[in-house]
Amino acid sequence: MLENVHGIVRVNQDSRYVVFLFDTYEVNRKMLQDKYVKGESAWYTDAKGTGDDGKAFYRIAEDGEWIEAEYVTYIDTNE
């Protein structure tokens, strides 16, 4: 399921760590070995996707890189 959102996701990990990104939110997703974001960084997001396995992801790049929702806090900027 894909839904449009308008907000910021803040990475919950300590700045010493990185969180790897994925190519899609769908079940057949692949981790992108060379794409990651640092802990404590913040990113604009325009989409939230939930795969058939129930895992949720936010899209943080125009070319379709997704970060697992478990590692971020979503802040809605529509308010």
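# Legends to the close-up views

**View 1. Leaving aside neighbours within four places in sequence, aspartate 23 is in contact with Arg29, Lys30, Leu32, Gly64 and Trp66.** The model shown here and in the other views is predicted. Aspartate 23 is found in the loop between strand 2 and strand 3. Its relative accessibility is 35%, and aspartate 23 therefore counts as partly exposed, the limits of that class being 20% and 50%. Lysine 35 follows 12 residues further along the chain, and the C-alpha atoms of aspartate 23 and lysine 35 are separated by 9.6 Å.

**View 2. Arginine 29 also lies in the loop between strand 2 and strand 3, the loop that holds aspartate 23.** Is arginine 29 buried or exposed? With a relative accessible area of 15%, arginine 29 is buried, because the cut-off for burial is under 20%. Not counting residues up to four places away in sequence, arginine 29 touches Phe22, Asp23 and Thr24, and also Gly51, Asp53, Lys55 and Phe57. The pairing of arginine 29 with aspartate 23 likewise appears among the contacts of aspartate 23.

**View 3. Alanine 47, found in strand 4, has a relative accessibility of 0% and counts as buried.** Which residues are in contact with alanine 47, leaving aside its neighbours within four places in sequence? They are Leu2, Glu3, Val5, Phe57, Tyr58, Arg59 and Trp66. Glycine 7 is 40 residues from alanine 47 in sequence, and the two are 9.1 Å apart in space, C-alpha to C-alpha.

**View 4. The largest nonpolar core has 12 residues.** The members are Val5, Val9, Val11, Val19, Leu21, Val37, Ala56, Tyr58, Ile60, Ile67, Ala69 and Val72. Two or more residues of this core come from each of strand 1 (2-11), strand 2 (18-22) and strand 5 (56-59). Strand 1 gives the largest share, three residues. Apart from this core lies another, of five residues, among them Phe22, Tyr25, Ala47 and Trp66. Alanine 47 of View 3 thus has Trp66 both as a contact and as a fellow member of that second core.

**View 5. Isoleucine 60 is one of the residues of the largest nonpolar core.** Leaving aside its neighbours within four places in sequence, isoleucine 60 is in contact with Val9, Leu21, Val37 and Ile67, each of which is listed in the largest core. The contacts of isoleucine 60 also include Trp43, Tyr44 and Glu65.

**View 6. Lysine 38 is found in strand 3.** At 49% relative accessibility, lysine 38 counts as partly exposed, because the exposed class requires over 50%. Which residues are in contact with lysine 38, leaving aside its neighbours within four places in sequence? The contacts are Val11, Ser15, Tyr17 and Val18. Lysine 38 and glutamate 3 are 35 residues apart in sequence, and their C-alpha atoms lie 25 Å apart in space.

**View 7. Glutamate 40 lies in the loop between strand 3 (31-38) and strand 4 (42-50).** Although glutamate 40 is not a glycine, it has a positive phi of about 65 degrees. A relative accessibility of 42% places glutamate 40 among the residues that count as partly exposed.

**View 8. Glutamate 62 has its place in the loop between strand 5 and strand 6 (66-68).** Why does glutamate 62 count as exposed? Its relative accessibility is 88%, and exposed residues are those over 50%. Methionine 31 is 31 residues away from glutamate 62 along the chain, and 17 Å separate the C-alpha atoms of the two residues.

**View 9. The whole protein, given for orientation, has zero helices and seven strands.** Along the sequence the pattern is β-β-β-β-β-β-β. The radius of gyration is 12 Å, close to the 12 Å that the globule rule gives for 79 residues, so the protein is as compact as a globular protein of that length. Taken along the principal axes, the box filled by the C-alpha atoms is roughly 35 × 30 × 20 Å. Of the 79 residues, 37% count as buried. Among contacts between residues at least 6 apart in sequence, 60% join residues at least 24 apart. The protein exposes about 5000 Å², of which carbon and sulfur atoms supply 46%. There are 9 positive and 16 negative side chains, and the centres of the two sets lie 5 Å apart.

Terms used:
Residues are numbered from 1 along each chain as its sequence is written. This is a predicted model: local features need pLDDT of at least 70, side-chain atom pairs count only at pLDDT 80 or more; totals for chains, interfaces and linings use all residues. Side-chain values use heavy atoms; hydrogens and water are left out. Helices (H or I, at least four residues) and strands (E, at least two) are DSSP runs, numbered from the N terminus. The radius of gyration is taken over C-alpha atoms; the globule rule is 2.2 Å times the number of residues to the power 0.38. Buried means under 20% relative accessible area, exposed over 50%, partly exposed in between (1.4 Å probe, protein chains only). Contact means heavy atoms within 4.5 Å. Accessible areas come from the Shrake-Rupley method with a 1.4 Å probe; for residues, only the protein chains shown count as cover. Lys and Arg count as positive and Asp and Glu as negative; His and the chain ends are not counted. The place of a charge is taken as NZ of Lys, CZ of Arg, CG of Asp or CD of Glu. A nonpolar core is a set of buried Ala, Val, Leu, Ile, Met, Phe, Trp, Tyr and Cys residues joined through side-chain atoms within 4.5 Å.
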